[in-house]
Amino acid sequence: MIIRKSRLEIERMRVAGQIVARVLKRLSEIVEPGITTLDLDHEAERMIVGAGAYPTFKGYNGYPRSICASINDEVVHGIPSKRKLREGDIVGIDCGATYMGYVGDAAVTLPIGSVSDAVKRLLDTTRQSLYRAIDKCQVGNRLGDVCYAVQSYVEPLGYSVVKNYCGHGVGRAMHEEPQVPNYGKPGTGPVLREGLVIAIEPMINLGHEDVKVLSDGWTVITMDGQPSAHFEHTVAVTRDGPQILTMLDNGAAAEEVA
Ligand code: MF3
Ligand code: CO
């Protein structure tokens with residue numbers, strides 16, 4: 001069942017989303033060669049708890065940390081560790097915060113120092129595919145329009161869409177209906193109505209789409225060892241168009257809305 005949110009619920013989700021947005025901004029400012037993904041996790045957790053929120057991922061199905069940090073060929077769900085980031089790496093950082101019972105969920109993939117042109121293009125394309133999908137989050141469109149926006153943008157450029165994982169409805173629970181795949185057919189699926197809130201999260205590979213899970217039970221890697229990128233936003237469908245709840249807005253501060 002798809003749970004639509006009231007305007008008040010969306011404002012609460014925006015507070016959660018702003019906390020996540022601030023964490024991702026801060027982590028993007030401090031990543032550099034030599035920092036560990038555990039350092040990033042600690043900073044994220046400190047900020048989330050300091051904002052009066054809970055790190056949604058921690059304890060979710062036994063997940064041990066507050067963020068996911070996925071390096072190079074790791075697609076998603078990398079577990080922060082003492083591994084140091086190195087010049088030329090990319091790291092996908094996925095973060096969730098629960099505030100007053102509502103979840104914000106977002107991710108970015110960051111380059112460490114300078115990366116190859118091919119990897120730079122992978123990051124740009126993946127980010128762009130997310131914004132194209134968000135543009136389709138209009139009342140009256142169908143979910144398939146959103147899903148197709150990602151696929152139809154990245155595949156002609158030679159990238160592949162990870163099919164085993166998808167975006168999702170989000171609200172009081174991190175994962176609600178509907179599932180939001182990064183592929184599909186335009187004009188199909190549920191009609192988007194006011195109050196729908198979804199996390200859209202394209203996972204795009206430079207090489208082949210096939211992935212597998214490492215023996216830690218979490219880390220998803222590409223089968224061919226080529227890099228993968230991941231960007232995510234929590235988006236509300238409103239009468240006034242899509243609202244990106246995890247986009248940093250310098251307007252209403254979290255404290256004011258709360
Ligand atoms: N953004 C991811 C998702 O929506 C984060 C989940 S990681 C987990 O699935 F550890 F919490 F599972
Ligand atoms: Co998500």
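**The cobalt site and a neighbouring topic, the three-stranded sheet**

In this predicted model, the cobalt ion (ligand 2) picks up its protein donors from D105 (OD), H168 (NE2), E201 (OE) and E232 (OE), at 2.1 to 2.2 Å. Donors here are N, O and S atoms within 2.8 Å of the metal (3.2 Å for Na, K and Ca), and water is not among the atoms, so sites may look incomplete. Along the sequence, the donor residues follow the spacing D-x62-H-x32-E-x30-E. H168 sits in strand 7 (residues 167–169) and E232 in the loop between strand 13 (228–230) and strand 14 (233–238), so this pair, 64 residues apart, links distant parts of the chain. Strands (E, at least two residues) and helices (H or I, at least four) are DSSP runs, numbered from the N terminus. Both H168, at 4% relative accessibility, and E232, at 1%, are buried (under 20% relative accessible area, with a 1.4 Å probe and protein chains only).

Turning to the sheet, strands 6, 10 and 13 form an open, antiparallel arrangement in the order 6-10-13. Strand 6 (160–161) and strand 13 are at the edges with a single partner strand each, so one side of each lacks a neighbour in the sheet. Strand 10 (residues 203–205) pairs with strand 13 over three bridges, where pairing takes at least two DSSP bridges. Within these strands, M203 is opposite H230 of strand 13.

As for bookkeeping, residues count from 1 along each chain as written, while chains are lettered from A and ligands numbered from 1 in written order. Local features need pLDDT of at least 70, side-chain atom pairs need 80 or more, and totals for chains, interfaces and linings use all residues, with side-chain values based on heavy atoms, leaving out hydrogens and water.

How values were computed. Buried < 20%, exposed > 50% of the residue type's maximum accessible area, 1.4 Å probe, protein only.
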